[in-house]
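Dear colleague,

I am handing over the structure we spoke about, and my notes on it follow below. Please read them with the coordinates open beside you.

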Number of protein chains: 2
Amino acid sequence: MNIIDGAKSAKTAQIILSALDGEIKNNALKIIAEELEKNRNLIFEANLQDLQESEKNNLPDPIIKRLKFDEGKLNAVISGIKQLVKLEEPTGKTLLATELAQGLNLYRVSCPIGVIGVIFESRPDALVQIAALCLKSGNGAILKGGSEAKRSNKVLFDIILSASKKAGIPQNWAVLAETRDDVAEMLKLSDYIDLIIPRGSNDFVKYIMENTNIPVTGHSDGICHLFVDESANIEKAINVAVDSKTQYVSVCNALETLLVHEKIADKFLPKVCEKLREKGVELRGDEETRKIISDMKVAVEKDWESEYLDYILSIKIVKNLDEAIFHINKYGSGHTDSIVSENEKNVKKFMNLVDSACVFHNCSTRFSDGFRFGFGAEVGVSTGKIHSRGPVGLDGLLIYKYKLFGSGDIVADFEENKRKFTHKKKELKNV
Amino acid sequence: MNIIDGAKSAKTAQIILSALDGEIKNNALKIIAEELEKNRNLIFEANLQDLQESEKNNLPDPIIKRLKFDEGKLNAVISGIKQLVKLEEPTGKTLLATELAQGLNLYRVSCPIGVIGVIFESRPDALVQIAALCLKSGNGAILKGGSEAKRSNKVLFDIILSASKKAGIPQNWAVLAETRDDVAEMLKLSDYIDLIIPRGSNDFVKYIMENTNIPVTGHSDGICHLFVDESANIEKAINVAVDSKTQYVSVCNALETLLVHEKIADKFLPKVCEKLREKGVELRGDEETRKIISDMKVAVEKDWESEYLDYILSIKIVKNLDEAIFHINKYGSGHTDSIVSENEKNVKKFMNLVDSACVFHNCSTRFSDGFRFGFGAEVGVSTGKIHSRGPVGLDGLLIYKYKLFGSGDIVADFEENKRKFTHKKKELKNV
């Protein structure tokens, strides 16, 4: 099936899927988990072939690492699916109920978005995870993985499709796109694909965002900042800085730039720099920073715009809170920025004026994550400002429709003043 | 100021605006209403000059009608602004509150989206209305009106800007774009403009949607259907059909295609067609319809895809509910579709499987409107499926940010099992 026919058939199947009972969808998820369990050897075998070919083709280590689908990763996706089953049914929830006029009642009801195009690099576990999220939320899915994972993806996809069929989910709710040309084609299918979720490197996500009119949920850069205010508790500031930078360096919520109030720099910088260097962090400072600690590289303009994803940190001394906020809004990527301060007024100002998805007080930027936020499932992290922002749970795959129930009501009666709107709030019962 | 500098300065001003107290914004709105009132003659004079030039240039009648800004329209926008003042403050509302762990509390807080690019044809009242909505919700605005309204727009914009300045709103929160090239430029400014709202003809909106990577809230087509089910109450069905088609023909929520169950067609069609013809509606039917009422034009494929916005209605007889749903999902535009039926099961199926922003039972499609829905203010109607759908109130100009408050918390403690996440729901107080 070519990708256009695939997308059309997913659109048709999704309409049926959107109205299925939560029980049917949960049952499908359970069967998927079982079949993944049963077919582990088949999966590992396909993955091994992909790995061998990738090694033969000298693909870079990080890709091979992401491509590897072992016991640990399989167990993690299976346990993820089981958690998803336990989450309450996200569709069909009444979010707003209003009596427009006597006998004319309006309900805003949650429903799936439609067909989600998922484009990911290497990681086969992403295929399973996102397919399960789409199914739980009643969305169709067009899945396109990296060619280096083609055998793994095919096996996983076939298991998911046959398992969901057993549970009574319409056949083509999910479609696997297999060729490179399919990506370019997908990006044009705004008639059939309602949202695109890219998972991969910054450049990859940027490419997707710049080459489609279909809405995209995702993030490219994650340039996170920590501002240590004049009033900061130094011990807290050190702990938070070290955790934000070094707890896991290659992720989007890791710290990239440390901003320090000039009045605390003398006391704070020598201590935090020592700790960071113990962890192997390379430091790059602006002129003022290097007056306090001279043996570090100069931070240049490019550093403020860099997401290192590595053991590197840029440091800048600022005159005041305003300069810190200005710097973050100018160079940041709107992902996560944190302040360490004991001054309530400054904290409030920072949190209101820093224009980022996540603004934190006295805690590590690394908390910015769907699981840590308690969402139970993570669709991704969005630095967009439409629909969903920051760590995105199942909510990100939902929208709503309006259902209006009348008994022959016409607008003319209201325009001619024969009837009046009441606009009374009603109880939020599901309809 | 060129449009790029304008957008940059709006972005900076909007950050300050986003954190202003509701009182300041409301005060600005009050002063805007007063100044519009005071400067009515100035406004009418500028509008007269625009009208005269448009007549001289032989612009089409509908454009001249929309361009005209008279007492009635001025009073309407002033009263709209006054209503807006009364609406509760939309930003800073806590939407979700969770204790992640002891002493580590997460809040999802509503906030403005950022800078809204508004591109509209002719109507100067749209400029005032959307600027007021942006201000109330704390968003910056780049406003671009049609060149035929340039004098009216300039006067209105200057009044809004100087009035808001008096109230302490940062100067460049709103920017007027004045040249045709500015539109093409705006569509590229995804670094500074977060959302585009086009207001105008279908072709115009379609053009905008296809030529930008910035998210767009709006609708191009409004191809609304009414399905009269086998079990329909004939009188209700006639009333609803006539109201949906004729109450106001040139709007997006007017009826364009009537679908009739074959088992009720004999009884229903002669009566409804008589009523519709009395109102001057031209009827176009499929073969089956013309077997019952022969003196009407043949409806061809193109009719099912047409938004007439005129006294024309296409009619098709369908075998059953499934065929009606299939037709609507195939040819509809996902705006508003209604069923007249006394069969509860069919109503439920229709409302779940018709994939439109608004699905109605036993009432006119014309109810699909922000004011009738009780939203108090209308940003527009969206047929998109991301962020907002259907009639859009102030909500459509809002997103949220996450605020996390800790006291030195680090992720390492949780990864090393020294602390545990609690994920307890908290009371929704504003922070």
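A salt bridge is taken here as a side-chain nitrogen of Lys or Arg within 4 Å of a carboxyl oxygen of Asp or Glu. By that rule the structure holds 60 salt bridges over all chains, and I should say at once that this is a predicted model, with every value computed from it.

One of these salt bridges joins the side chains of Arg372(B) and Glu415(A), with 3.0 Å from N to O. The pair crosses between the chains, since Arg372(B) lies in the loop between β13 and β14 (380–382) of chain B, while Glu415(A) belongs to helix α16 (residues 411–415) of chain A. Across the interface of chain B and chain A the rule finds 4 salt bridges, and the side chains of Asp395(A) and Arg108(B) also meet in a salt bridge, at 3.6 Å from N to O. Strand β16 (residues 398–409) of chain B supplies the largest share of the side of chain B that touches chain A, namely 11 residues. Sorted by kind, the residues of that side of chain B comprise 38 nonpolar, 19 polar and 16 charged.

As for the extent of the interface, 73 residues of chain B are in contact with 73 residues of chain A, and the two chains bury about 6100 Å² between them, with 60% of that area on carbon and sulfur atoms. The interface of chain B and chain A also has 45 residue pairs in polar contact, counting pairs with both residues at pLDDT 80 or more.

How are the two chains related? A turn of 180 degrees, with a shift of 0.0 Å along the axis, lays chain B on chain A with an RMSD of 0.0 Å, and that is the relation of a two-fold axis. Within chain B, the C-alpha nearest the axis belongs to His387(B), at 1.9 Å from it. The copies meet through the same surface, because 100% of the interface residues of chain B are also interface residues in chain A.

The strands carry the contact further. An open sheet of 11 strands with mixed pairing runs in the order β17(A)-β1(A)-β2(A)-β16(A)-β13(B)-β12(B)-β7(B)-β8(B)-β11(B)-β9(B)-β10(B). At its edges stand β17 (424–425) of chain A and β10 (297–298) of chain B, each with a single partner strand, so one side of each is left without a neighbour in the sheet. Strand β16 (residues 398–409) of chain A and strand β13 (residues 358–363) of chain B run parallel and are joined by 5 bridges, with Lys403(A) opposite Val359(B). Within chain B, 4 bridges join the parallel strands β9 (residues 282–285) and β11 (residues 312–318), and there Leu283(B) stands opposite Leu313(B).

With best wishes

Notes:
Residues numbered from 1 in each chain as written. Chains lettered and ligands numbered in written order. Predicted model: local features only at pLDDT ≥ 70, side-chain atom pairs only at ≥ 80, totals over all residues. Heavy atoms only, no water. Contact = heavy atoms within 4.5 Å. Buried area = accessible area lost by both parts, 1.4 Å probe. Polar contact = N/O pair within 3.5 Å; in protein donor to acceptor, adjacent residues only side chain to side chain. Helix = DSSP H or I, 4+ residues; strand = E, 2+ residues; numbered from the N terminus. Nonpolar A, V, L, I, M, F, W, Y, C, P; charged D, E, K, R; others polar. Pairing = 2+ DSSP bridges. Least-squares fit on C-alpha atoms with pLDDT ≥ 70 in both.
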